[in-house]
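Q: Please take a close look at the surroundings of the ligand in this model. Then place that part in the wider chain.

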Amino acid sequence: MESHSDSWRQAKLRPVLRQLKPYVAGKGFGEISRKYGLKPETIVKLGSNENPYGPSPKVAQALASISPERYPEPEELIAGIAAYTGFPEEMIIIGAGMDGVMDTLTRLFLEKGDRTFIPTPTFSYYEILTITAGAIPNLAPRGPQFEIASRVPTDTKMAFLCSPNNPTGNVASEEEIAALLESTNSIVFLDEAYVEFADKSLIRLVERYDNLIVGRTLSKAFGLAGMRLGYAVAPRWIADQYRRAAPPFYGISCATVAAGVAALSDLPFMRLSVKKIISERQRLQMVVKAYPSQANFLYLETQQESREFVERFMARGIIIRDCRSFWGAGEHHARVTVGTPSENDRFLSAFQEICK
Ligand code: PMP
């Protein structure tokens, strides 16, 4: 099958792909175990903002009785999300992770030549979605406290705001977001992936603004990252179009539906893991003196280059995230997910050694 030349292949591929800087995920157990000859069970993974407590035990029970031969029926899941968020079912849209929700949303709004507004450093998938749609990302640096420092330019089609922001952990205030919404006609996507770890959500603003969509996920507080379940609360006119353009069954599986329904039926479990993570976040923060965070991770400035800093942790079997792949983060920042107390102890003792 080597019949076609490179230039033939290049001519087939969409030219926008040349601008694409691929998504860089946190490192996995397998990669670090192979690279350093470590047993996977000795590795502590604090690089991908997962929840070490996992989901409610009800999830395992629910998964045991799925019918994989049938296509999924997501109605009960949508009802569960509606109950959790307090919004009607018609305003709930779901997808394979929040990534999947954003994929379909950008298909509704972005065309060749459109512009998106992305305050950086932030989650890099917004830029990938923009570029693959043929649109142009406007990467606007955040201010000294990582606040959204500039207005949304008038020609913006879609703005991607993240609060708590990944990787910096800061939140945008209601006043800031409301002022921004008042001043723009663009579609505003507010990513609240980490909101359960924060003091406050701005989801209620969707009642007031018909250009605002708030994205959420069950990957973080609910401990279901591997199940790929995200959702958003959107104005009805957007949710209606979403249902027309989304992949069949919203790209989710019957395992995802069962896991999501079960996780949402056990909010005390989720709240308890969030409480433990927040308390560990405070403990870590006292030692590492990172930027204040309202998420399940801390953003640190590193003395040495972040590449080297992170490598020293990896060599000790502790995976943390080098932030060089985030636009605007520079060469001296790392991100550490808050783990269990014993995982955090491992991190802290390595930190004392590396930073002494
Ligand atoms: N938004 C932000 C800010 C994230 O950090 C992530 C996960 N890395 C996502 C969205 C995607 O979440 P999901 O697992 O639901 O696709």
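A: In this predicted model, 13 residues lie around the ligand, and those that come nearest are Gly-97, Met-98, Asp-99, Thr-217 and Ser-219. Helix α5, residues 97-109, supplies the largest share of this shell, with three residues. Sorted by class, the shell consists of six polar, five nonpolar and two charged residues.

Next comes strand β2, which spans residues 92-95. Both of its faces are covered. Ile-92 and Ile-94 are buried on one side, and Ile-93 and Gly-95 are buried on the other. The partner of β2 is strand β8, residues 230-233, and the two run antiparallel, joined over four bridges. Within this pairing, Ile-93 of β2 stands opposite Ala-232 of β8.

Another element to consider is helix α7, made up of residues 174-182. Its buried residues are Ile-177, Leu-180 and Leu-181. Viewed down the axis of α7, these buried residues fall within an arc of 100 degrees, so they line one face of the helix. The general rule behind such a pattern is that an α-helix has 3.6 residues a turn, so residues three or four places apart point the same way. On the other side of α7, Glu-175 and Glu-182 are exposed. The cover over the buried residues of α7 includes strands β6 (187-191) and β7 (212-217). The end residue of β7 in that range, 217, is also the position of Thr-217, one of the residues that come nearest to the ligand.

As for the wider chain, it is divided into two domains: domain 1 covers 20-53 together with 268-354, and domain 2 covers 57-264. The ranges of α5, β2, β8 and α7 fall inside the bounds of domain 2. Taken over C-alpha atoms, the centres of domain 1 and domain 2 are 24 Å apart.

The two domains also touch: 27 residues of domain 1 are in contact with 27 residues of domain 2. On the domain 1 side, α10 (267-288) and β9 (297-301) each contribute at least two of the touching residues. The largest share of that side, five residues, is from α10. By class, the side of domain 1 that touches domain 2 has 17 nonpolar residues, eight polar ones and two charged ones.

How values were computed. Residues are numbered from 1 along each chain as its sequence is written. This is a predicted model: local features need pLDDT of at least 70, side-chain atom pairs count only at pLDDT 80 or more; totals for chains, interfaces and linings use all residues. Domain bounds come from an automatic or database domain assignment. Two residues are in contact if their C-beta atoms, placed from the backbone, lie within 7 Å. Ala, Val, Leu, Ile, Met, Phe, Trp, Tyr, Cys and Pro count as nonpolar, Asp, Glu, Lys and Arg as charged, and the others, Gly among them, as polar. A residue is near a molecule or strand if its C-beta atom, placed from the backbone, lies within 6 Å of it. A residue is buried if 20 or more other C-beta atoms lie within 10 Å of its own, exposed if 12 or fewer, and partly exposed in between; C-beta atoms are placed from the backbone. The arc is that of the directions from the helix axis to the C-beta atoms. Two strands pair if DSSP finds at least two bridges between them.
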